[in-house]
Amino acid sequence: MKESPEQVIDRSAKLVVSFFVASAGLWLLAAALLAYIVAAKLTDPFFLSGIEYLTYGKVKIAQANAFVYGWGGNSIFAATLWIIARLSQAEVRGRIFLLFAGTLWNLGITAGLLGILDGKMNAHELLEMPTEVWPVLFIGYSIIAFLALVIHRSREHSSTIAPQWFILSSLLWFPALFLIAWNGLELNPARGTLQTVLSMWFGQSLIWLWLTPMALGAAYYVIPAIMGIVIDKYYLAIFGFWCIAALAPWSVLNHLVGGPVPMWIPAVGTVMSIAMIFPIAVASTNFHATAFKDVGKVWNSLPLRFVIFGTLSYTLSSYIGVIFSLPAVAKLTQFSIINEFHFNQRVYGFFSMIIFGVVYHMLPKITGREIGTGSKTFHFWTSAAGVMMLLLAYLIGGLTHGVLAQQPSLDWASSVISSVQPYFLITKIAFVILGFSQLVFVINVWKVIFPNPLAYILDGSPERKEKSA
Amino acid sequence: MTDKKKRTDSSMTDQELVEAHASLNREKHPPTVGFLYAPLIFVFVFGCLIFVCSIQLAHTTNNFQLHPPREVVELSPEEKEALRIERKVESGKKVFAARCASCHQDNGQGIPGQFPPLDGSKWVTSDPGLISNIIIMGLKGEIEVKGVTYGTNPAQNMVAVPINNREIANVVTYVRQAWSNEATEVLEEEVSAFRAESSEQSEQWTGEQLREMYPSAFSTE
C-alpha cells in the first residue's frame, strides 16, 4: 500500500517527536512531585524539613523550572516539529541532530535543577538555573529551532497561515528574550533598577511570548484540523498576532507597580495590559466562534475538548489578569498568592491543557496506536477538576490574603495566615489530583510510544487486536 | 470552500487546511451582513479601549519623569509662622557671624573691658529701636552695660554697620532671641521707620542721646 504524504511525514517525525513527548512526560511527573512537596510544605512546615536539598525556596524554584523548561520546552519541541512539518508538507530532517540537541536540553535541565536544589541559584525569575548550564541549553535550543526553520523553509505552500506565525515566532522569541536578558544580567550587567526590570521582564515575557503563542498556534491548527472547517473570522487572526507581538512584552511591566522604578514603567505596563484585551478578544473569537459551529464534535473529540478547555481558560483568566493589573486592584493583591494564580492559570489551565490535546491528537497519527478512551477521559476530567480547584483556591485565597495583609492592625500569624491556610490545603489536594491525572497522561503516552510488556498487562486487548490484525 | 465544508469525512487534511486558510488571506470578503457585524463590534470596542488606555496613560505616567512627583505638604498657619521665624533667625545668625561676632563674640558675651555683652543686656532686649538705631548709625562715648562702663577708649567706638533694613531686622531678631535673650521679633518695616526717624542724626549716637530717646529701656537700670 502506498503511503499518503502525511504518513511519510509522520514516520519521519516519529522518533524525534516520541523522544520529546516521552521526556516531556517525565518532566511533568517530576514537576508534579515537586509541586506536591511545595504545597505540602505550606500546610505542614515540618514536612521533609530535615533535608537540606528540599527546602521550600529550592523546591519551589525547581518546580517552576522543571515545569516551564522540562515539560514546556520538550512538549513545545514535539508539537512545533510535528505541526510545522505537517503544515509545510515536508519531512522532519536532521533527526540525529534533533535527538542530540534534545539530549543536551534535557541534560542541561537536569544539571540545572540539581544545581538549584544544591543552592546554586541565579536571582532572576525563570533564569534561576546555574549560569553554566545556560550555554548548553541555548545550543540545544538553537539546533532544534534551526532545524524546525529548515522544515518550514522547504514548505510546499509559499504563503503562511496563523498556526505557523504563532509557532514560529514563539520559536524565535525565546532565544531573543534569552539573549536580551542574558546580556543585561550576566554578560554586561545593567546597573541598579534596570536589572530588576529586566529580570522581571524576562520571567513574565517568557510565559507571554514563548508558552502562549505556542499554545495559541497549536489551537489554531488543531481546531480546524479536527473540526474540518476553517477558522471563523480568520481575517482577525493576523491582527491578534501582531497585537501579542507588540503589546505582550510591554504589558508584563505592570508587575512592577509600586516598585522602585520610574512611575511610567508600571503605568505603561498597566495600559498595555488593558490593551491586551485586543488579542485576547481576537483569539477567543476565532477559537470559540469556530467551536460553536459544532459543539457536539468538540465534546466528542477528546483532543479538541482539551484544546477548547485551554482556550476558554485562556480567555477567562486573561480577562481576570487584566482586572488584576489595574492599579487599584494591584495595590491589594500584588504581594499575595494571587501571583500563583497568574502563573498556574497560564501554564496549567491554558498551555498544558492545549498541549495535552495536541499530544492526544498527534500521537495516534505518529505511532499508529490508539490511546484508550477511558484513560483519556479520566485524564481530562481529573485535569479539569484539578486545575479549576487549584485556580479557584489561589484566586479566592489570593484575594483574602491580599485584603487581610493590607490591614496592619491584624496579627499576621493568627489572622492572616490562618485565614489563608485552608486555601493552601485545597491547593495541596488539587496538586494530588493533578499529579494522578498527569501520571495517567504519562502512562497513556508511554504506552503508545513504548508498547512494552507493561502495556499488555495494563491494557491488553487493543494491543493484541492490533497485533493480530 | 463550500464543497469542503460539506464533506462527509469531517476532518481536514493539512494540505486542505493550509490552502483554505491561505486563500482566506488573499480573498476579499464580500461585504455581507454577517461579515460586517463582527468587525463593527470590534471597531467599537477597540475604539473605546484605545480611549481608555490613552486616558490612563496620560494620568499615570507622571510625564515619563525619572523621579516621582514631590509630595506637597500643606502647612498650618502656625507651622508657616514658625518656619518663617526660623528662617529669619537663621539668616540673622549669618549676618551676626559676619558683622558682629568679631567684637561681641559668638556667645554674645563681648570682651570684658573692651566690648559690651549682648547676652542679657537691656540695650538689646528692651525697645527694638534702641539696638536698631545703634546698628544704623553706630555708637560712641561711654555707656554702662550690666553695671560695667564701656567706651572709655575712643578706639572702642562702634561705627555704623552698612547693611540694609532687612538684614538689620534679621540680625536684631536673632540677637534678641539668642542665648538667654527672649525678646520680640523686629520687622523690616519697623527698621525702615527707625532709619527715617534718625535721618537728621549725622554721626554716631551717644549713650546720652539714646537714654533720652528710650527712657523706658533704662528705667530699672
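**View 1. The surroundings of Ile354(A) in the predicted model.** Start here with Ile354(A), whose contacts, leaving aside residues up to four places away in sequence, include Ala215(A), Ala218(A) and Ala219(A). Phe306(A), Val307(A) and Gly310(A) complete the list of residues that Ile354(A) touches.

**View 2. The largest nonpolar core.** Step back from Ile354(A) and you find the core it belongs to, with 166 residues. Which residues touch the most other members? They are Leu81(A), Ala218(A), Ile223(A) and Ile354(A). Helix α6 of chain A, residues 193-227, supplies the largest share of this core, with 22 residues.

**View 3. A second core, separate from the first.** This one holds 29 residues, among them Leu139(B), Tyr150(B), Val171(B) and Trp205(B).

**View 4. The two assigned domains of chain B.** Domain 1 covers residues 13-64, and domain 2 covers residues 77-218. How far apart are the centres of these domains? Taken over C-alpha atoms, 81 Å separate them.

**View 5. Chain A, a chain of helices without strands.** If you trace the backbone, you will count 17 helices and 0 strands. The C-alpha trace spans about 75 × 50 × 45 Å along its principal axes. A compact globule of 469 residues would have a radius of gyration near 23 Å, so the 22 Å of chain A agrees with that expectation. Of these 469 residues, 52% count as buried. Among contacts in chain A with a separation of 6 or more, 82% come from residues 24 or more positions apart.

Definitions and conventions. Residues numbered from 1 in each chain as written. Chains lettered and ligands numbered in written order. Predicted model: local features only at pLDDT ≥ 70, side-chain atom pairs only at ≥ 80, totals over all residues. Helix = DSSP H or I, 4+ residues; strand = E, 2+ residues; numbered from the N terminus. Rg over C-alpha atoms; globule rule 2.2 N^0.38 Å. Buried ≥ 20, exposed ≤ 12 C-beta atoms within 10 Å, placed from the backbone. Contact = placed C-beta atoms within 7 Å. Domains from an automatic or database assignment. Core = buried A, V, L, I, M, F, W, Y, C linked by C-beta atoms within 7 Å.
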